[in-house]
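User: I am new to this structure and would be grateful for a close look at how its charged side chains pair. Please begin where the two chains meet and then go on to the pairs within each chain.

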2 protein chains.
Amino acid sequence: MINQQSAAKEKKKNQIFHFSQNTDGPELLYLQVYHHYRNLITARKLLPGSRMPSLRKCSQELQLSRTTVENAYLQLAAEGYIISKAQSGYYVTDIATKEPLPRQTEKPSLPPCRYDLSSSGVDRESFRFDLWQRYLKSALRQNQRLLTYGEPQGEADFRQALSDYVYQKRNIACSPDDIVVGAGVQSLLQILCPLIRDKKTVSFPTPSFIQGSTVFSDFGFQVRYRNKDSGVIYVSPAHMTKWGEIMPVSRRLELIRYAAEHKSLIIEDDFENEFVYLQKPTPSLFSLSGGHDVVYIGSFSRLLLPSIRVSFMILPPGLSETYRKKSEYYNQTASKAEQIALCQFIRDGHLSAQTRRLKRLYSAKLKELLTAVRETFGPDCSIQIGAAGTSLALTLPCQADGASVKKAARLLGLRLTVLKEDQSAITLLLSCSSMPTGDFRPACELLKQVIHSF
Amino acid sequence: MINQQSAAKEKKKNQIFHFSQNTDGPELLYLQVYHHYRNLITARKLLPGSRMPSLRKCSQELQLSRTTVENAYLQLAAEGYIISKAQSGYYVTDIATKEPLPRQTEKPSLPPCRYDLSSSGVDRESFRFDLWQRYLKSALRQNQRLLTYGEPQGEADFRQALSDYVYQKRNIACSPDDIVVGAGVQSLLQILCPLIRDKKTVSFPTPSFIQGSTVFSDFGFQVRYRNKDSGVIYVSPAHMTKWGEIMPVSRRLELIRYAAEHKSLIIEDDFENEFVYLQKPTPSLFSLSGGHDVVYIGSFSRLLLPSIRVSFMILPPGLSETYRKKSEYYNQTASKAEQIALCQFIRDGHLSAQTRRLKRLYSAKLKELLTAVRETFGPDCSIQIGAAGTSLALTLPCQADGASVKKAARLLGLRLTVLKEDQSAITLLLSCSSMPTGDFRPACELLKQVIHSF
């Protein structure tokens, strides 16, 4: 609308400059001037160092207004094609003749990875893609519902399904009103942190959950480790260590008492509680505390597909009210179609079935991996294994440093995670989740070869 | 694992207390004690005020350890079923006899909404669901790719497609490395804000984009309105007002010069630039500035489905490097399947086609709405309409306050957005986007009726 009339006028009287027509309407004049000169410069018809025609001269030649030409020059200058020299005019720079800088993303080529002992991916055979696709397709058919923005807090029926699910599985009694859905744990923490800012300090069990601690430090929290005297205590009771140690009930109760006495808030990230193999999952802190001063966080990435970005948090009464006052200020981050699909998937019992299947599968795979490791490394190795999860920690005598071991392994097509190292030993994290069982032995053999090469 | 042996021992010697078996293994003893008493309380077999058996007595009777009983009591107490009195023991409360509080979500029932003039939804006819479903289905077939977590910055091929798209449509030259994908504008701002924290102040054109200003104030920014002397200047050049006024090129250039002089950062939210009807979209601030000190934000919610949560930002060189140092600390929030689908959708030219279709459709609908409004309200009304968007602002003489008008309208099945009100007039925002064209006249008639009733 702006300049529309003057543009039309200018266009009419223009004699020299050829205008390209374009289906969307006449291109803005100054952009055409800009493109005209940019082409001359990149084609080296205007050489570096040469002076651009003055604004006056150019506007006369092209029969365009001085402003139009000036805007074109300004854009050329802004992009570095020309440079303005005081009281002298514009000069062509050498930008167009320079090769674009090579991107740093290219890495020296490595052999393909044959065995990935470090992956936290999901077992390919474990997930019923066809089933999930059916649910997602059915969600995509809900045209009318997909035409509108989602509820900021998460779809109401999905929150109802989640509330029923946690009641059944984790003995957590909560209203769907206390559940907030988001695209991953970080998205939830980004909503939670501003609500609990007065807590000021947060304690994590280890520095390894960098995505969590980053959000807290982004919001000005002081981040500490294993420091119970913090305003917020972040714990993953079913994932105390990477090899799946879980927090005993006695310590859970102790933690709740301690937090209540010190008015701390516990954030219970219930990561991998589904994989507590040897007994019924230990009770959640949320249910043990009766929902007082505990925020519960649940995710589906390890149960379904890591690529499905849906998590949820359950807020205790006070926080839930504080949140609701602000809830309209946050847009929902999780895909609506995926929420609709997951809602029905849970209602039909497929999430429970998938959990049982995965628990059986990973428990069996972990035993297989344990056997393969024991038989390959014999009495020299020491193994740590917890009550949950998909990994074990393997300590081997080795004088080399972790980085060298990792590199040598990678050159032979083996990907590793080093947990700890000292002068005489190295501790590796071996994950069974995404690797096929048949690969365990050859992977262990290859690892043995790597270690012996030092 | 924990307490496993002692639990087994306890179980053996237990004579009185009946244990339920459950397919997942023996339920924790203390939970059974807890459930036993909770059932007695809720069934009013233990009445409010009655004293619970002492720990000693109970553990003797049930032949369980004192700790087991204590844990059960603690949980009952935490949930409010019993209360501990000093030196006296535990007493049953009246919690179980109280009716659960009615939830506040129930609202007085309203007649169904017949005409929604306030909706920012998408026209039902405009979106080719079948086509999008085909792309999403094809993305869902990429099983191997969906088994792993997504790239924190966004899928590489999707960022490449976005980079090509903005070059073609918005004359923005950027590397895919400078693009960050996220589930909506807020998710992007939550990554951006910590990187530009030293700017301290942010200016928005109006208070209406509450989702944006909330994130800034969450991160400790001082939020101001129409204050150019701010560290960060947030603008939506194609959506200056809700009725679609756009920022003229001259003001864009002026803003860039001003920001460069004052070392401010511009955040250009290119919302609805696709709906600039009367000419080719005005150039982006990012391209005008040559990518200096401008962060560009693009979204698809108005082009595709509001329920698809995919946005992206383009960072200028300095910021892009700062971001990359931290990029691994943020998980991707947007659905991987939707990114894969959208990537191919863009490559195949469907996004451009959809944009052209929507632009034609909304332009025609807006004209129809304009005609309906003019013919219904005659010379009394005044109408503001911009060069972009899907809405117009209608000012009508009216002595009633906005809230009353809105309420009366809603009772007749008409949903309205009030933009402004004073003693003698009211300004309403009428949106044409989701309403069928045939509804414009009856909706206007109904509105007239509402206004005349005051």
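Analyst: The rule finds 2 salt bridges across the interface of chain A and chain B. The model discussed here is a predicted one. One of the contacts between charged groups joins A:Lys326 to B:Asp218, with 2.9 Å between the closest N and O atoms. Side chains of opposite charge can pair when their charged atoms come close.

The interface itself brings 89 residues of chain A into contact with 88 residues of chain B. The size of an interface is often given as the accessible area lost when the parts come together. Chain A and chain B bury about 7900 Å² between them, and 54% of this area lies on carbon and sulfur atoms. As for how the copies are related, a turn of 180 degrees with a shift of 0.1 Å along the axis lays chain A on chain B with an RMSD of 0.3 Å. This is the relation of a two-fold axis. The same surface serves both copies, since 99% of the contact residues of chain A recur in chain B.

The salt bridges within the chains can be set against the build of chain A, which has 16 helices and 15 strands. Of its 454 residues, 54% are buried. Among contacts in chain A with a separation of 6 or more, 71% are between residues 24 or more positions apart.

Over all chains, the structure holds 21 salt bridges. In one of them the side chains of A:Glu155 and A:Arg145 meet, at 3.0 Å from N to O. A:Arg145 belongs to helix H6 (143-146) of chain A, whereas A:Glu155 lies in the loop between H6 and helix H7 (156-170), so this pair ties together parts that are 10 residues apart in sequence. Is each partner buried or partly exposed? A:Glu155 has a relative accessible area of 5% and is therefore buried, the limit being under 20%. A:Arg145, at 24% relative accessibility, counts as partly exposed. These two residues are also linked with A:Asp157 in a network of salt bridges.

A second pair in chain A spans a separation in sequence of 146 residues. A:Asp178 forms a salt bridge with A:Arg324, and the closest N and O atoms are 3.8 Å apart. A:Asp178 is in the loop between H7 and strand E4 (179-182) of chain A, and A:Arg324 is in helix H12 (residues 317-326) of chain A, so the pair ties these parts together. With a relative accessible area of 12%, A:Asp178 is buried, while A:Arg324, with 30%, is partly exposed.

In chain B, a salt bridge joins B:Asp270 and B:Arg170, whose closest N and O atoms are 2.7 Å apart. This pair links distant parts of the chain, 100 residues apart: B:Asp270 stands in the loop between strand E8 (265-269) and helix H11 (285-288), and B:Arg170 in helix H7 (residues 156-170) of chain B. Both B:Asp270 and B:Arg170 are buried.

In summary, the pairs described here include a bridge between the chains, from A:Lys326 to B:Asp218, and bridges within a chain, such as that of A:Asp178 with A:Arg324 and that of B:Asp270 with B:Arg170.

Methods: Residues numbered from 1 in each chain as written. Chains lettered and ligands numbered in written order. Predicted model: local features only at pLDDT ≥ 70, side-chain atom pairs only at ≥ 80, totals over all residues. Heavy atoms only, no water. Least-squares fit on C-alpha atoms with pLDDT ≥ 70 in both. Contact = heavy atoms within 4.5 Å. Helix = DSSP H or I, 4+ residues; strand = E, 2+ residues; numbered from the N terminus. Buried < 20%, exposed > 50% of the residue type's maximum accessible area, 1.4 Å probe, protein only. Buried area = accessible area lost by both parts, 1.4 Å probe. Salt bridge = Lys/Arg side-chain N within 4 Å of Asp/Glu carboxyl O.
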